[in-house]
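Me: I'm in my first year and still learning to read protein models. Could you take a close look at the helices that pack side by side here, and then show me a few other spots worth finding on screen?

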Amino acid sequence: MRAAPDAGGELCIERVALSAIAERFGTPCYVYSKAAIVDAFGQYRAAFGEHAHLVLYAVKANSNLAILKLLAELGSGFDIVSGGELARVLAAGAAPSTIVFSGVGKSSGEMRQALAAGIHCFNVESEPELERLSRVATAAAATANVSLRVNPDVDARTHPYISTGLRQDKFGVPHEEALVLYRKARQLPGLRVTGIGCHIGSQLTDTSPFAAALERVLSLADQLTAEGFQLEHLDLGGGLGIRYQAEERPPAIGEYVRTLVAGLGARRMRLMVEPGRSIAGNAGVLLTRVEYVKTTAERCFVIVDAAMNDLVRPALYDAWHDVRPVRVEPRRASRLCQVVGPVCESGDFLGRDRMLGVEAGDLLAVMSAGAYGMSMSSNYNSRPRAAEVMVDGERVHLVRSRETIADLFAREAFMAR
Ligand code: LLP
């Protein structure tokens, strides 16, 4: 990840010291590197080369407007899963023709909103959803471009909460039922079949499940083509993993894309992918300050000012994020520490069993926190959400100000007497 110590041993994002950011904006604070996002997106584009493609950034990974605008300017499209995400990408300047709407539970209102915006395609995940979309489009005198999300029944070999391509998962249309549903889609008014979609899970560290899913989707695509469907695109979802721990060796973006392009063979469909984590994940850190070091007979707790409400991944998935001191003090002895937040739950940890030499007042950086960090944050324990900062070379932009205490209950009311 793109945070490295400078000559004085101080951790920096691009050319800005994290301590300067903490001083100016306070902690906890998410800090992103613009160059890291530009670089990851560029790797996708370069790997596709001349092959017709559209990279759809998965907005759920990090939906800050500054990130969405940056990606829109780079030519990214967007994978959205709610009316809220649609409004965000439009506010950030996305072209409607680059927006694809995924998710198992689209409401009629969300469908109307997306049709009015003129989005590129709906990834439909069930028969009742297909029927609803047909009714909503017909009532609006519109045509919805449709691709079915097929569940290929492939084991993504990732955490069960983020595995989505097995037949027991709630996602997609079972592979063997997809053909029948495609025939139905062709008959229903207000719909135009344009492609096939699939997404098998997140944080995959091996290309073989992607290749297996592609093979299954292609066998269906070939059957559909034989029946006269004109498939324009194949949307292979997101899921490429990043390196959180030194021993993890996820495929490089280029290798992943080349696997997909090669798997397509001579077919001419446009390839779409929906990467989230591999674009934003290693572009961000969560900057936090040590409040106390509490030593018990059993353990040493490093109590920091960030918590599970700011970054829930460790509590929710037992996810591992590197925790690094912003300034390494070589003369301090390291000891085994539990890095925990102030929230009243034993699950509120950011790092367990870490060797650290830290004292109260020190700054720590929780690494690889650019994806599914801020976007999954909450106000649990009535904690205002963190600030977000984007670094561009030596420039620093506050891209979301810290929530205030007043924000916390601004929408609440007492009961009428
Ligand atoms: N497309 C669809 C339809 C998805 O459901 C997802 C992620 C993506 C694309 C983007 O996947 P990515 O490239 O980021 O792996 N909160 C979890 C991850 C949940 C992923 C949900 N879907 C985490 O923090 O690990």
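Reply: Here's a walk through the packed helices, followed by some single residues to look up. Keep in mind that this is a predicted model.

Let's begin with how to talk about such a pair. Two packed helices are described by the angle between their axes and the distance between the axes. So for each pair, look for those two values, and then for the residues that touch.

Start with helix H7, residues 175–187, and helix H8, residues 208–226. Their axes come within 11 Å and cross at roughly 25°. Angles under 35 degrees count as roughly parallel, and H7 and H8 are therefore roughly parallel to each other. The crossing of this pair is right-handed. Which residues make the contact between H7 and H8? On the H7 side you'll find His175, Ala178, Leu179 and Tyr182, while H8 brings Arg216, Ser219, Leu220, Gln223 and Leu224. Sorted by class, the contact of H7 with H8 has 5 nonpolar, 3 polar and 1 charged residues.

H7 has another partner to look at. The axes of helix H6, residues 127–139, and H7 come within 11 Å and cross at roughly 10°. With that angle, H6 and H7 are therefore roughly parallel to each other as well. From H6, the residues Glu127, Leu130 and Glu131 meet Leu181, Lys184 and Ala185 of H7. The classes in the contact of H6 with H7 are 3 nonpolar, no polar and 3 charged.

Now move to helix H4, residues 83–91, and helix H5, residues 108–117. The axes of H4 and H5 come within 9 Å, crossing at roughly 25°. That angle makes H4 roughly parallel to H5. H4 passes H5 in a left-handed crossing. Gly83, Leu86, Ala87 and Leu90 are the H4 residues here, and they meet Glu110, Gln113, Ala114 and Ala117 in H5. By class, you get 5 nonpolar, 2 polar and 1 charged residues in the contact of H4 with H5.

Before leaving the helices, go back to H8 and find Ala226, which lies in that helix. Is Ala226 buried or exposed? Ala226 is exposed, with a relative accessible area of 69%. You can also try a distance from there: Ala226 and Arg157 are 69 residues apart in sequence and 33 Å apart in space, going from C-alpha to C-alpha.

For another distance, try His51, which sits in the loop between helix H2 (34–48) and strand S5 (53–58). His51 and Val261 are 210 residues apart along the chain, and their C-alpha atoms are separated by 7.8 Å. If you leave out residues up to four places away in sequence, His51 touches Val261, Leu264, Arg267, Met269 and Leu271.

Next, the backbone has some spots to check. A cis peptide bond joins Thr27 and Pro28, with omega about -5°. You'll find Pro28 in the loop between helix H1 (18–25) and strand S4 (29–33).

Then there's Asp153, which has a positive phi of about 55° although it is not a glycine. Asp153 lies in the loop between strand S9 (144–151) and strand S10 (173–174). Its relative accessible area is 31%, so Asp153 is partly exposed. Asp353 also has a positive phi, near 55°, and is a residue other than glycine. Asp353 lies in strand S18, residues 349–356. At 46% relative accessibility, Asp353 counts as partly exposed.

Last, the cysteines. A disulfide is a covalent bond between the sulfur atoms of two cysteines. How many disulfides does the structure hold? The count is 0. Take Cys198: the closest cysteine sulfur is in Cys121, 14 Å away, so that is too far for a bond. Cys198 is buried, with a relative accessible area of 5%. Cys337 is in no disulfide either, and the nearest cysteine sulfur, that of Cys300, is 4.0 Å away. To count as a disulfide, the two sulfur atoms have to be within 2.5 Å. Cys337 is buried too, with a relative accessible area of 1%.

Terms used: Residues numbered from 1 in each chain as written. Predicted model: local features only at pLDDT ≥ 70, side-chain atom pairs only at ≥ 80, totals over all residues. Heavy atoms only, no water. Helix = DSSP H or I, 4+ residues; strand = E, 2+ residues; numbered from the N terminus. Buried < 20%, exposed > 50% of the residue type's maximum accessible area, 1.4 Å probe, protein only. Axes fitted to C-alpha atoms, helices over the stretch in contact; angles between N-to-C directions. Parallel < 35°, antiparallel > 145°, perpendicular 65-115°, else oblique. Left-handed = near helix turned anticlockwise from the far one by under 90°. Contact = heavy atoms within 4.5 Å. Nonpolar A, V, L, I, M, F, W, Y, C, P; charged D, E, K, R; others polar.
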